Amino acid sequence: MRMKTVRLTMAQALLRFLDEQYVSMDGVEMKFVKGVMGIFGHGNVTGLGEALERSAGSLAFIQGKNEQGMVHAAAAFAKQKGRRQIYACTSSIGPGALNMVTAAATATVNRIPVLLLPGDNFACRQPDPVLQQLEVQADYTVSAVDAFRPVSRYFDRIVRPEQLISAAIQAMRVLTDPADTGAVTLALPQDVQAEAYDYPASFFEKRVHVIDRRPPSRESVQRAAALLAGKKRPLIIAGGGVHYADAARQLAGFAEAFGIPVAETQAGKSALPWNHPLNMGAIGVTGSLAANRLAQEADVIIGIGTRYSDFTTSSKSAFGDDVQFVNLNVSGFDSAKLNGLQLTADAREGLAALQEELSANQYRTGYGEAEIRERKAEWDREVDRLYALEHADGLAQTRALGVINETLLPSDVVVCAAGSLPGDLHRLWRSSEPRTYHMEYGFSCMGYEISGTFGAALAEPDRGVYAVVGDGSYLMLHSELVTSLQERRKITVLLFDNHGFQCIHNLQRGHGSDGFGNEFRYRDAGTGRLDGGFMPIDFAAHAQSMGAMAYKASTAEELREALLQAREETVTTLIEIKVVPGTNTPGYESWWRVEVPEVSESDKVNASRREMAEQIRKARVL
Ligand SMILES: Cc1ncc(C[n+]2csc(CCOP(=O)(O)OP(=O)(O)O)c2C)c(N)n1
Ligand SMILES: [Mg+2]
């Protein structure tokens with residue numbers, strides 16, 4: 001009997017395959033690929049472009065405006081969907097492809113699935129060099145697309161149409177793997193996209209990929225419980241894995257069962273509501289005083305679904321000398337960090353098993369009756385103070401955030417990534433529901449904010465979705481704002497205008513500099529440097545010129561009013577918020593290692609170097 005086949009081009013076959021992929025988690029099935037985002041060029045328009053035009057099945061097409069922004073949007077969509085649905089992204093060759101690399105890395109660092117389909121040079125080589133071909137003279141097998149290798153969890157180049165079969169199946173394996181997911185790149189040479197093949201019909205049958213909940217081993221649970229048995233001051237650090245495993249409720253139950261305080265990373269924030277009695281708030285460089293002090297005093301840290309970035313560990317200075325770590329993580333790579341006891345498992349499964357074991361052992365912490373309550377109350381008062389802060393020169397950033405927090409609905413989603421706002425939001429934002437705090441802080445990639453907000457809005461048609469973005473990030477990449485208008489998918493952009501890259505300006509001045517090259521000032525004719533007056537940039541007019549609604553606010557009252565108006569708007573809306581530079585939150589007993597010169601003409605730099613050396617002595621290396 002002859003195998004049934006379907007004659008399609010490689011690009012047509014790829015789309016037909018993608019349209020038949022489903023995931024299932026806890027018995028709930030979901031279509032995996034929602035659609036394709038793309039920008040066409042000669043490297044994909046007649047291949048994948050033709051397939052999208054004529055045979056995309058149920059896959060939606062969204063036109064990107066900048067390849068980086070488009071991939072950020074796709075990643076944010078997947079993140080907001082709990083990694084259970086994606087958009088694929090197609091680009092041309094050369095610059096179009098390379099524009100996706102930064103966003104590919106952002107997705108991979110954050111463990112978010114995105115499928116990238118960059119066009120590639122002709123496999124047949126007949127027209128070489130095709131327009132935009134990188135001619136690598138020493139190794140002709142290398143093309144621009146090889147730049148995706150280090151930022152991809154899976155990379156493949158389809159130089160014959162039948163290679164698609166194994167590549168597509170491997171791509172799906174990685175995209176749906178809870179531990180190993182990230183960017184998956186299938187490089188598609190222009191000629192091969194258009195080449196036909198008799199694909200087996202079974203390749204296009206519906207496939208359901210089960211996202212397994214990896215259970216912990218009996219032995220590792222017992223060892224973790226034994227380690228915890230003698231510990232009196234445990235602290236839980238909740239990371240993004242809590243959200244991806246839908247383990248927020250399990251986490252609350254676990255913490256409550258034993259009275260263990262919880263601190264949240266950027267990715268873990270909103271796992272517990274802000275006013276949960278055991279939620280001590282943010283941990284690390286951008287942490288709260290309550291969480292950072294408890295971390296210093298902890299005898300054991302229970303890390304759940306965290307990568308332990310330097311921002312979480314305050315460059316490994318957040319903890320006391322004798323602390324031990326129990327690391328519950330679905331990724332063995334992460335559970336091995338900080339010399340911890342490795343409890344490699346799904347967060348929900350691991351928490352359930354550990355809770356059972358600790359209950360059987362009648363585990364108790366040594367925290368005093370009122371201790372946790374008082375520390376939390378002290379921090380809440382500090383947030384209240386910063387939310388109410390009045391400033392002689394105008395609106396303080398922390399006050400603006402207070403107004404926004406009080407005015408937004410509890411179900412609204414805030415999206416942010418870089419600048420001073422992630423630190424302020426981590427410390428101050430009061431989230432009431434899981435997944436309403438969408439922070440990209442694995443790569444902290446400027447440009448994610450507006451693109452990501454558009455992607456999150458695609459995933460959340462029934463909620464308000466807000467970009468919280470600095471003027472610097474806005475200037476760097478705002479192109480998908482136009483796509484949000486095109487798709488009639490409203491986003492609200494809260495643009496904080498503080499005249500520059502102010503978090504870096506702060507960082508610089510905190511390490512011996514007088515300030516250099518970070519503010520949006522004119523070049524001064526006298527000094528020859530960028531220390532003239534601030535540049536007046538009308539962000540509201542800029543957004544309006546693209547078709548958005550726009551408001552301006554420079555007082556708390558104007559901001560509240562603008563937010564209420566913006567809520568009523570049906571199209572993408574920007575609020576330009578003028579804040580006083582440098583009115584972001586300070587650090588709370590934390591340290592971030594930034595390397596200061598060993599020799600300098602400046603006494604301030606030399607003093608900063610000595611301080612750094614002192615801090616390094618106190619930090620752990622392991
Ligand atoms: C793509 C990218 N380039 C550079 C940086 C380094 N960086 C981090 S924050 C920042 C300045 C951000 O300025 P703005 O968005 O205005 O925020 P502010 O700090 O003023 O609140 C820079 C340059 C980065 N994170 N991402
Ligand atoms: Mg700024």
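**Exercise 1. In which pocket does ligand 1 sit?**

Solution. Ligand 1 sits in the largest pocket. On a 1 Å grid over the protein atoms alone, a pocket is an open set of points with protein on both sides within 12 Å along at least five of seven lines, and a molecule sits in a pocket if more than half of its atoms lie within 2 Å of the pocket's grid points.

Before going on, note that this is a predicted model, in which local features need pLDDT of at least 70 and side-chain atom pairs count only at pLDDT 80 or more, while totals for chains, interfaces and linings use all residues. Residues are numbered from 1 along each chain as its sequence is written, chains are lettered from A and ligands numbered from 1 in the order in which they are written, and side-chain values use heavy atoms, with hydrogens and water left out.

**Exercise 2. Describe the shell around ligand 1.**

Solution. Step one is to find the elements that give two or more residues to this shell, and these are helix 19 (471-476) and helix 21 (502-509); helices here are DSSP runs of H or I with at least four residues, strands are runs of E with at least two, and both are numbered from the N terminus. The largest share, four residues, comes from helix 19.

Step two is to name the residues that come nearest among the 15 around ligand 1, namely S420, S444, D471, G472 and G500, where a residue counts as near if one of its heavy atoms lies within 4 Å.

Step three is to sort the shell by character: five residues are nonpolar, nine polar and one charged. In this sorting Ala, Val, Leu, Ile, Met, Phe, Trp, Tyr, Cys and Pro count as nonpolar, Asp, Glu, Lys and Arg as charged, and the others, Gly among them, as polar.

Step four is to look at single atoms: a polar side-chain atom of S420 lies 2.6 Å from an oxygen atom of ligand 1, whereas S444 has a backbone N or O atom 2.8 Å from a nitrogen atom of the ligand. For C503, a backbone N or O atom lies 2.8 Å from an oxygen atom of ligand 1. The protein covers 77% of the 590 Å² of accessible area that ligand 1 has on its own, as found by the Shrake-Rupley method with a 1.4 Å probe.

**Exercise 3. Is H438 buried or exposed?**

Solution. H438 lies in strand 19 (residues 437-439). Its relative accessible area is 2%, so H438 is buried, a term that means under 20%, with exposed over 50% and partly exposed in between (1.4 Å probe, protein chains only). The side chain of H438 makes a polar contact with the side chain of Q80 at 2.7 Å; within protein, such a contact is a pair of N or O atoms within 3.5 Å, one able to donate a hydrogen and the other to accept it, and residues adjacent in sequence count only if both atoms are side-chain atoms.

**Exercise 4. Examine the backbone in the loop between strand 7 and strand 8.**

Solution. Most residues other than glycine have a negative phi, and most peptide bonds are trans. P129 is placed in the loop between strand 7 (114-120) and strand 8 (154-157), and a cis peptide bond with omega of about -10 degrees joins D128 and P129. Q132 belongs to the loop between strand 7 and strand 8, and although Q132 is not a glycine, its phi is positive, about 75 degrees. With a relative accessible area of 34%, Q132 is partly exposed.

Methods. 1 Å grid on protein atoms, 1.4 Å probe; cavity = no way out; pocket = protein on both sides within 12 Å on 5 of 7 lines; lining within 4 Å.
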